[in-house]
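Trainee: I'd like to look closely at just one part of this structure and see how it fits in with the rest. Could you walk me through one helix and what lies around it?

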Amino acid sequence: DSLGLEHTSSCNAWSLTISALESSVADHLQCPRSIPARLPSPSFQPPYPGFSVRFPQDVSQLVIAIVGSQHRPSVSPTSVAVSTSHAAISSFLASTRPSTPPSFVEWASVTDNRGYYNLCALAYWDGKSSYESWASSSGFKAWWDGLDADADSQDDDLDQGPGWFLEILSPTTDRFETLFNTDSAREGSSHFAGACMSSAVQEHGYWGSMRDRIPLSQTDVLSANNTRLPSPSQLTDSNADHRKKRITIPRHRNLAIIRSGQDWSTTTPEERKLYLQTMHPILQKGMDFLQNHGKEEVGCYSCRFMHVLDSETEKTDRTFGLAYFDELASLERWSKEHETHLAIFGGFFRYAQQLGNNVTLRVFHEVMVLEEGQQFFEYVGCHGDTGMLASRG
Ligand code: HEM
């Protein structure tokens, strides 16, 4: 199940520089396997280098809170309404009151397939108690809990405000993995105090390596057990009844989430042009497929292809796909078999060849498989295709 790249020219250069590979799974999370690894052989050497984030041993759980507002198509992203939402969320994240502010915050936005503008902060904490302490001491929790004062209102005027979403992902480190194509980039969870990058890891460069990098896969198949997606005929257009209501999503066993990022901010003008003309459109197509057909065809409830924003909420040269799958096997299947990821994947190796393998584009991903108690999805006044709202039949 290798990726079929053993004979590319980059392999030769890489195998000359390769010294010792380490496991992507940190030493303290390794245990005797009851489930065989997908690694093709114990001496397998990936065709190019890959790196994973290492956390201090006392970090056993992460919290990633995705807090956002959703604006109707008639509302411009540069409007006062949008900046007011941004200011509301920022005030809690930047609050100096709590003793446990997030380790890292990033803002991102996307206009979704219904034309709504979604603006959100992704905030990271290196423990659940830190998140909870922040949520109460910053006033965020009280604000969030009070948001739907006008729930179920039939008053159209009240319906004009933004929708709000709160998605809290809190994987334990045995249910979390990362892969970076460089050890010099910092993204998401690598910002935790005491975190660092591994040396080159062995578990990548073959299909199934994502699973091998998740420590719990040593002893758990990480399946969702009989999750059945509703057929299209069972789906209702639930836009109207979701407006101005607070909806908490039932928890899903072993929900699989990927945040897959691209950063072309440090590329040369030549590479930048090539990226924007060749890779970016193929990636957009793959993300559009997941957003528009993912649920019925591949088990993807939600996909947002988001632009990272700077402090002035201007778009940067960074994007990420944030996708929620019913289980890890569905995400694996899409990446390995579906024409849209195969096009991204194949396009990337042609891109690298065109650059003589001098790629400075940075790519990374964070993948987690969440058990029921490690997820919380709540929506106030959002349309029915927002995030995990789409998981409802
Ligand atoms: C794996 C390329 C975007 C999902 C890979 C691998 C490459 C690749 C080279 C193999 C990595 C290795 O094992 O060494 C790219 C490029 C992208 C991109 C160049 C964007 C420019 C995405 C996105 C998603 C995704 C947006 C999902 C939202 C996956 C998954 C795997 C994977 C799940 C792991 C498969 C496995 O190990 O079983 N991709 N990809 N990729 N990619 Fe992508």
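Mentor: Here is a walk around helix 9, starting from the whole protein and ending at some loops and a strand.

Keep in mind that this is a predicted model. The protein has nine helices and 13 strands, and 41% of its 393 residues count as buried. Take the contacts between residues at least 6 apart in sequence: 83% of them join residues at least 24 apart.

Now for helix 9 itself, which runs over residues 339-354. Let's check its length. It has 16 residues, and at 1.5 Å a residue these should span 22 Å; the C-alpha atoms at its ends are 22 Å apart, so the two agree.

Next, which residues of helix 9 are buried? They are T340, H341 and I344. These residues cover an arc of only 100 degrees around the axis, which means they sit on the same side of helix 9. Turn to the face that points away from that buried side, and you find the exposed residues E339 and R350. As for what covers the buried residues, helix 7 and helix 8 are included.

Helix 9 also matters for the picture of the ligand. In total, 23 residues surround the ligand, and the closest are H204, M210, S260, G321 and F348. Several elements give two or more residues to this shell, among them helix 5 (209-213), strand 9 (255-263), helix 7 (269-298) and helix 8 (328-337). The largest share, four residues, comes from helix 9. Sorted by class, the shell has 12 nonpolar, 10 polar and one charged residues.

Let's stay a moment with helix 8, one of the helices covering helix 9. E332 lies in helix 8. Is E332 buried, exposed or partly exposed? There are 18 other C-beta atoms within 10 Å, so E332 is partly exposed; a residue would need 20 or more to be buried. Leaving aside neighbours within four places in sequence, E332 is in contact with G208, M210 and R211. You met M210 a moment ago as one of the residues closest to the ligand. E332 and S209 are 123 residues apart in sequence, yet their C-alpha atoms are 9.6 Å apart in space.

Now follow the chain out of helix 9. Just after this helix, G356 takes a positive phi of about 60 degrees. N357 has a positive phi too, about 65 degrees, although N357 is not a glycine. That's worth a second look, because most residues other than glycine have a negative phi. N357 is in the loop between helix 9 and strand 12 (362-370), and with 15 C-beta neighbours inside 10 Å it counts as partly exposed.

N254 is another residue other than glycine with a positive phi, near 55 degrees. You'll find N254 in the loop between strand 8 and strand 9. N254 has 23 other C-beta atoms within 10 Å, so this residue is buried.

Strand 8 takes us to our last stop, strand 13. Three bridges join strand 8 (residues 246-248) to strand 13, and the two run antiparallel; T248 has E378 as its bridge partner there. Strand 5 (residues 163-169) also pairs with strand 13 in the antiparallel sense, over six bridges, with F165 facing Y379 as bridge partner. Strand 13 is mostly covered, with five of its six residues buried.

Key
Residues numbered from 1 in each chain as written. Predicted model: local features only at pLDDT ≥ 70, side-chain atom pairs only at ≥ 80, totals over all residues. Near = placed C-beta within 6 Å. Nonpolar A, V, L, I, M, F, W, Y, C, P; charged D, E, K, R; others polar. Buried ≥ 20, exposed ≤ 12 C-beta atoms within 10 Å, placed from the backbone. Pairing = 2+ DSSP bridges. Expected span 1.5 Å × (residues − 1). Arc of directions from axis to C-beta. Contact = placed C-beta atoms within 7 Å.
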